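This briefing introduces one protein model to a reader who is new to structural description. Please view the sequence and the structure first, and then read the points below.

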Amino acid sequence: MKIEIWSDIACPWCYVGRRRLEAALADFDARDQVEIVWRSFQLDPNAPRQSTKTLTEVLAKKYGISHQQAEGMQRRVTDVAAEEGLIFHMERTQSVNSFDAHRVLHMAAEIGRQSAMKERLQTAYFTDGLSVADHETLVQLARKIGLDGAAVGAMLNTGTYAAAVRGDISRARDMGVQSVPFFLFDEKYAISGAQPVEVFTRALSLAWADAPKPIQMVGESADVDCCDDEACAIPLEA
């Protein structure tokens, strides 16, 4: 089973939703046969590469609310995150462009370290207050999960994986996805938002029931009394 997850590093509900999916997977008998693929999405493609405003200021302007209301929004999501074992320090958060971080995620996918890279980026953004747009920071984070730092740095100085990031975003748009997190199970079932664990459990069960299962052989051997493109197996008489 493949679960594709559209999310942005700058999305707190994406981190919460991740933890809830993980909780559902922990009780899922076929969890070892589930492949997680992280897809790119940007909540603010025009975000700057360097943080010039606090997250409170950014939210207040974006939603047309007061600073007090923006701080209330941050407290709420921080409290919900804490229930999932996440520690948010949103007063430290640097609201920057996430495009290059998504490129690093695509690079990490090629060596099977995408989920680890995603976790490291989310922690860096919401807990550590690091800039996920800064190339040196991205190199250091990538090294911590086993990527070649020099290779990551060289990649960031080119346009490599930019098309892959835009492709993910375009595919989401084609499906009508306007908010994240968005979870797609085997291209048949979808969940929008950081739903409760039981919703993820239900989606896993539905998708697994529909998933093609490996063929099971019946009989003593798979190559008795048969022909292939070289010869026919003719049993010898005793």
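How do the residues of the lining of the largest pocket divide into nonpolar, polar and charged? They divide into 18 nonpolar, 5 polar and 5 charged residues. The model described here is predicted. The points that follow treat its pockets, its sheet and its aromatic pairs.

**The largest pocket**

- The largest pocket has a volume of about 700 Å³.
- It is lined by 28 residues, and those closest to its centre are Ala10, Leu55, Leu59, Lys62 and Tyr63.
- Helices α1, α2 (55-63), α3 (67-83) and α5 are the elements that give two or more residues to this lining.
- Among these contributors, α2 gives the most to the lining of the largest pocket, namely 6 residues.

**The second largest pocket**

- The second largest pocket has a volume of about 160 Å³.
- Its lining is made up of Thr54, Leu55, Thr56, Glu71, Gln74, Arg75, Thr78, Phe88, His89, Met90 and Glu91.
- At least two residues of this lining come from each of α2 and α3.
- The largest share belongs to α3, which supplies 4 residues of the lining of the second largest pocket.
- By class, the lining of the second largest pocket has 3 nonpolar, 5 polar and 3 charged residues.
- Leu55 belongs to the lining of the second largest pocket, and Leu55 is also named among the residues closest to the centre of the largest pocket.

**The sheet**

- An open sheet is formed by 4 strands in the order β2-β1-β3-β4, and the pairing is mixed.
- The edge strands are β2 (35-40) and β4 (189-192), each of which pairs on one side only.
- On average, neighbouring strands of this sheet are turned by 20° against each other, with direction ignored.
- Strands β3 and β4 pair in the antiparallel sense over 4 bridges.
- Leu184 stands opposite Ala190, a residue of β4.

**Aromatic pairs**

- The structure holds 7 aromatic pairs.
- One of them is formed by Trp6 and Phe182, with 6.2 Å from centre to centre and 65° between the planes. This pair counts as edge-to-face because the angle is over 60 degrees.
- The pair of Trp6 and Phe182 links distant parts of the chain: Trp6 lies in strand β1 (residues 2-7) and Phe182 in strand β3 (residues 182-185), 176 residues apart.
- Is Trp6 buried or exposed? Trp6 counts as buried, because its relative accessibility is 0%.
- Phe182 has a relative accessible area of 13% and is therefore buried, since the cut-off for a buried residue is under 20%.
- Tyr15 and Phe126 have ring centres 6.4 Å apart and planes at 35°, so this pair is tilted.
- The pair of Tyr15 and Phe126 also links distant parts of the chain, with Tyr15 in helix α1 (residues 12-26) and Phe126 in helix α5 (residues 114-128), 111 residues apart.
- Tyr15 is buried, because its relative accessible area is 2%. Phe126 is likewise buried, with a relative accessible area of 1%.
- Which residues form one aromatic cluster with Tyr15 and Phe126? Phe88 and Tyr125 join Tyr15 and Phe126 in one aromatic cluster.
- Phe88, a member of this aromatic cluster, is also one of the residues that line the second largest pocket.

Definitions and conventions
Residues numbered from 1 in each chain as written. Predicted model: local features only at pLDDT ≥ 70, side-chain atom pairs only at ≥ 80, totals over all residues. Heavy atoms only, no water. Phe/Tyr/Trp six-rings, centres within 6.5 Å; stacked < 30°, edge-to-face > 60°. Buried < 20%, exposed > 50% of the residue type's maximum accessible area, 1.4 Å probe, protein only. 1 Å grid on protein atoms, 1.4 Å probe; cavity = no way out; pocket = protein on both sides within 12 Å on 5 of 7 lines; lining within 4 Å. Points joined across faces, edges and corners; volume = space filled by probe spheres on them. Nonpolar A, V, L, I, M, F, W, Y, C, P; charged D, E, K, R; others polar. Pairing = 2+ DSSP bridges. Axes fitted to C-alpha atoms, helices over the stretch in contact; angles between N-to-C directions.
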